[in-house]
Amino acid sequence: MNYAQRALAAPKKEEPVILGIESSCDETAAAVIRGRELLSSVILSSAAEQAKYGGVVPEIASRAHTDAIGEAVEQAVKGAGITERELDAVAVTYGAGLLGALLVGLSFAKAYAFALGVPLIGVDHIRGHMAAAYLADKALEPPFITLLASGGHTAIIYTKSYTDFEILGSTRDDAAGEAFDKAARVLGLPYPGGPSIEKLAKQGRASIPFPKMFSGGGYDFSYSGLKTAVINYCHNMEQKGENYSKADVAASFQSAACGALAERAVAAAKKKGAAAVVAGGGVAANGYLRELLANECAKAGLKLVLPEKKFCTDNAAMIAAEGLIQYRAGNFAELSLNACAHIPLGKKGKQ
Ligand code: KG4
Ligand code: ZN
């Protein structure tokens, strides 16, 4: 029997203790859950170092993960009040993300699981973002609508069961987070762009009529038009030598970027007769979007589940949460599990 078959054959716990490990971008994260209860979460970020370069430098990220991974896991296990011998499985992000960065977490997770003799679970980072809501609300059960808005993905998803999804719409070009990052660059704001725009937008008014990013009549989005509109507005004003308020640009951009997300998530829930909307991904940490979703869902009589902001951006608790789903589905990985730079939404990564 190989490693995954042995894991499948072994007796299963009702409420397993799972270590999650995440290293796909610039956060080295480890967390422990017992069933759907979060026991600990550690996030060691290299974002401050990356900010000097205006974005993530892959080699710096890989080296920072190598420095931090041992400490992150040790802190998570200690913080959970357990010893590593009490772990029932190790779940790790195997993609999508920066290859060198992923390989650090993945190799560490394999060695850790092997040494403890527990199953290894490979987690798709985006499925992790989608699973964060299960820790935020322990009573949450599918079906519901998931609004996924991260740096690489924007989608409205009908979550039918823990493992079955229907993608109702997604972005045709840039992702929402990518648009935030690009708009921030145009405005000369520091990396990461999302939080910078949110902060500046608080001092401005959403007075500039930027286009909404709807594409067609379905649930698809297009963010490249909005990005171009922001670039054109700033360049035009600069060419004409006119003063303009960067805070108003930030507020107007944020309003257009978030308005469509909330509107479409609620429309999808009505269409599918779903009782709840959940959100995940870095953009779901945006305070303006969270308020908008709260208002729109309340108006429509929908339950809203929003993970805490620190569990919307990259973290390992969400990886452990998706690990629990895979554990219950008996989906264990081989020790040959490799990293995957790209995993198409709703598909398995190629090994
Ligand atoms: O989910 P995430 O942490 O990483 C990916 O899996 O992509 O998302 C990162 C994205 C970045 O584009 C970042 O600018 C955006 O999420 N983001 C935000 C906020 N915090 C992070 N966007 C808007 N408002 C925020 N507060
Ligand atoms: Zn992410």
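Helix α3 (residues 58–79) lies across three strands, β1, β2 (27–34) and β3, and runs at about 20 degrees to β2. This is a predicted model, so take what follows as a tour of computed geometry. Those strands belong to an open sheet of five, and a second open sheet of five turns up further along, with strand order β8-β7-β6-β9-β10. Helix α5 is worth keeping an eye on: it lies across β1, β2, β3, β4 and β5, and also across β6, β7, β8, β9 and β10.

**The sheet with β1 to β5**

- Reading across this open sheet, the strand order is β3-β2-β1-β4-β5, with mixed pairing.
- β3 (37–45) and β5 (120–124) are at the edges with a single partner strand each, so one side of each has no neighbour in the sheet.
- On average, neighbouring strands here are turned by 20 degrees against each other, ignoring direction.
- Strand β1 (residues 17–22) runs parallel to strand β4 (residues 89–95), and four bridges join them.
- To find that pairing on screen, look for I21, which sits opposite V92 in β4.
- Helix α5 (residues 125–136) crosses this sheet at about 100 degrees to β5.

**The sheet with β6 to β10**

- The pairing in this open sheet is mixed as well, and five strands make it up.
- Its edge strands, β8 and β10 (303–305), each pair on one side only.
- From one strand to the next, the twist averages 20 degrees.
- Four bridges connect strand β6 (residues 144–149) with strand β9 (residues 276–280), in the parallel sense.
- Within that pair, T146 faces V278 in β9.
- α5 lies across all of β6, β7, β8, β9 and β10, at about 125 degrees to β6.
- Helix α10 (residues 287–300) lies across β6, β9 and β10, and its angle to β10 is about 160 degrees.

**Helix against helix**

- α5 packs on helix α11 (residues 317–328) at an angle of about 90 degrees, and their axes are 7 Å apart.
- That angle makes α5 roughly perpendicular to α11.
- On the α5 side, the contact uses H125, R127, G128, H129, A131, A132, Y134 and L135; on the α11 side, A317, M318, I319, A321, E322, I325 and Q326.
- Sorted by type, the residues of the α5–α11 contact are nine nonpolar, four polar and two charged.
- Helix α6 (residues 176–186) meets helix α9 (residues 246–272) at about 175 degrees, with the axes 11 Å apart.
- So α6 is roughly antiparallel to α9.
- A176, A179, F180 and A183 of α6 make this contact with F253, Q254, A257, C258 and L261 of α9.
- Here the split for α6 with α9 is eight nonpolar, one polar and no charged.

**Aromatic rings around Y134**

- The structure has nine aromatic pairs.
- One of them is Y134 with Y162: the ring centres are 5.0 Å apart and the planes are at 40 degrees, so the pair is tilted.
- Y134 is in helix α5 and Y162 is in the loop between β7 (154–159) and β8 (165–170), so this pair ties together parts that are 28 residues apart in sequence.
- Y134 counts as buried because its relative accessibility is 5%.
- Y162, at 31% relative accessibility, counts as partly exposed.
- F144 joins Y134 and Y162 in one aromatic cluster.

**Two cis peptide bonds**

- The bond from G95 to A96 is cis, with omega near -10 degrees.
- A96 itself is in the loop between β4 and α4 (99–116).
- P142 and P143 are also joined by a cis peptide bond, with omega about 5 degrees.
- P143 belongs to the loop between α5 and β6.
- For context, most peptide bonds are trans.

**L8 and its contacts**

- L8 is part of helix α1 (residues 3–9).
- Leaving out residues up to four places away in sequence, L8 touches G330 and F332.
- L8 and G301, on the other hand, are 42 Å apart in space, C-alpha to C-alpha, and 293 residues apart in sequence.

Technical notes:
Residues are numbered from 1 along each chain as its sequence is written. Chains are lettered from A and ligands numbered from 1 in the order in which they are written. This is a predicted model: local features need pLDDT of at least 70, side-chain atom pairs count only at pLDDT 80 or more; totals for chains, interfaces and linings use all residues. Side-chain values use heavy atoms; hydrogens and water are left out. Two strands pair if DSSP finds at least two bridges between them. Helices (H or I, at least four residues) and strands (E, at least two) are DSSP runs, numbered from the N terminus. Axes are lines fitted to C-alpha atoms, for helices over the stretch in contact, and angles run from 0 to 180 degrees between N-to-C directions. Contact means heavy atoms within 4.5 Å. Angles under 35 degrees count as roughly parallel, over 145 as roughly antiparallel, 65 to 115 as roughly perpendicular and the rest as oblique. Ala, Val, Leu, Ile, Met, Phe, Trp, Tyr, Cys and Pro count as nonpolar, Asp, Glu, Lys and Arg as charged, and the others, Gly among them, as polar. Rings of Phe, Tyr and Trp (its six-membered ring) pair if their centres lie within 6.5 Å; planes under 30 degrees apart count as stacked, over 60 as edge-to-face and the rest as tilted. Buried means under 20% relative accessible area, exposed over 50%, partly exposed in between (1.4 Å probe, protein chains only).
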